[in-house]
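Visitor: I am new to this structure. Please pick one part, take a close look at it, and then show how its surroundings fit in.

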Amino acid sequence: MYQQSYEHSLSFIDLSAVEVGKHLYWKLGDYSIHGQVFIVSWIVISVLLSISFTGTRKLERIPGKLQNFMEFILEFLQDIAKNQIGEHEYRIWVPYISTIFLFILGSNWAGALIPWKLIQLPEGELAAPTNDINTTVALSILTSLAYFYAGLSKNGLSYFIRYIEPTPVLLPINILEDFTKPLSLSFRLFGNILADELVVSVFTLLVPILIPLPVMILGLFASSIQALIFSTLSAAYIGEALEGHGEH
């Protein structure tokens, strides 16, 4: 009886020690840096900076194709912030909302378009940064800090009155809501991107010629929608925090 219990405990410990996938880590003192996320993130950032620099280097009164494209993107991102935050206060938040949208879109598309599996690493494999829960949690925490800053900078300590509106009975629920917002943002983005990459990988293994192509196109569309949802919700949370208490 004791032997069976002991063997069961050992098997449970062995099972709990199993890791799903391998990752490349770099040591920096006492800290471990996720190498795969770091590499692809900086590739995405470099591409975005290059496009931004090239598209805005020579601005003309009669814009060319690239300048037209850049102006369209800017107007689109401004509209996201304006619709959610309000016409009078949205301008200061356009850089943040734009950065969030473009980084997530670039990361999602990098995972969908580039065959990272062809690049050999000592451990693990390259993938979209948003395929890693640490990235999506970090982005959602940034949004949480942003809307707390927005509310406190405009309303001061009276911002916290919102926690007892419309009745103090809702205090625990209103506090819990501030924890569920970043959780829902991060897990929605992570889950959708991970599922998309898994589906494409499975189809590629089963039918490696024609079937993955429409799935990849659908993945690009879904990746764009996820970037739009994350940035729109971020702007909506900031807009909600900027409202004075009693204005709901």
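**Where α3 meets α4**

Guide: α3 and α4 cross in a right-handed way (the near helix is turned clockwise from the far one by less than a right angle; anticlockwise would be left-handed). This is a predicted model, where local features need pLDDT of at least 70, side-chain atom pairs count only at pLDDT 80 or more, and totals for chains, interfaces and linings use all residues. Residues are numbered from 1 along each chain as its sequence is written, and side-chain values use heavy atoms, with hydrogens and water left out.

Helix α3 covers residues 65-85, and helix α4 covers residues 94-113. Helices here are DSSP runs of H or I, at least four residues long, and strands are runs of E, at least two, numbered from the N terminus. The axes of α3 and α4 lie 9 Å apart, at an angle of about 115 degrees. Axes are lines fitted to C-alpha atoms over the stretch in contact, and angles run from 0 to 180 degrees between N-to-C directions. That angle makes α3 roughly perpendicular to α4 (65 to 115 degrees; under 35 is roughly parallel, over 145 roughly antiparallel, the rest oblique).

Who touches whom? From α3 come I73, F76, L77, Q78, I80 and A81. From α4 come V94, I97, S98, F101 and L102. Contact means heavy atoms within 4.5 Å. Nine of these residues are nonpolar, two are polar and none is charged (Ala, Val, Leu, Ile, Met, Phe, Trp, Tyr, Cys and Pro count as nonpolar, Asp, Glu, Lys and Arg as charged, the others, Gly among them, as polar).

Now follow α4 onward. Helix α5 (residues 133-155) comes within 12 Å of α4, axis to axis, and crosses at roughly 170 degrees. That makes α4 roughly antiparallel to α5. Y96, I100, F103 and I104 of α4 meet T135, L139, L142, T143 and A146 of α5. This contact has seven nonpolar residues, two polar and no charged.

Turn back to α3. Helix α2 (residues 35-56) comes within 9 Å of α3, and their axes cross at roughly 120 degrees. This crossing is left-handed. I51, S52, T54, G55 and T56 of α2 meet L66, Q67 and M70 of α3. Three of those residues are nonpolar, five polar and none charged.

How sure is the prediction? Confidence is highest in α4, at a mean pLDDT of 91, and lowest in helix α1 (residues 2-16), at 41. pLDDT is the predictor's confidence in each residue, from 0 to 100. Residues 1-20 stay under 50 and have zero contacts beyond four places in sequence. Where pLDDT is low, the predicted coordinates should not be read in detail.
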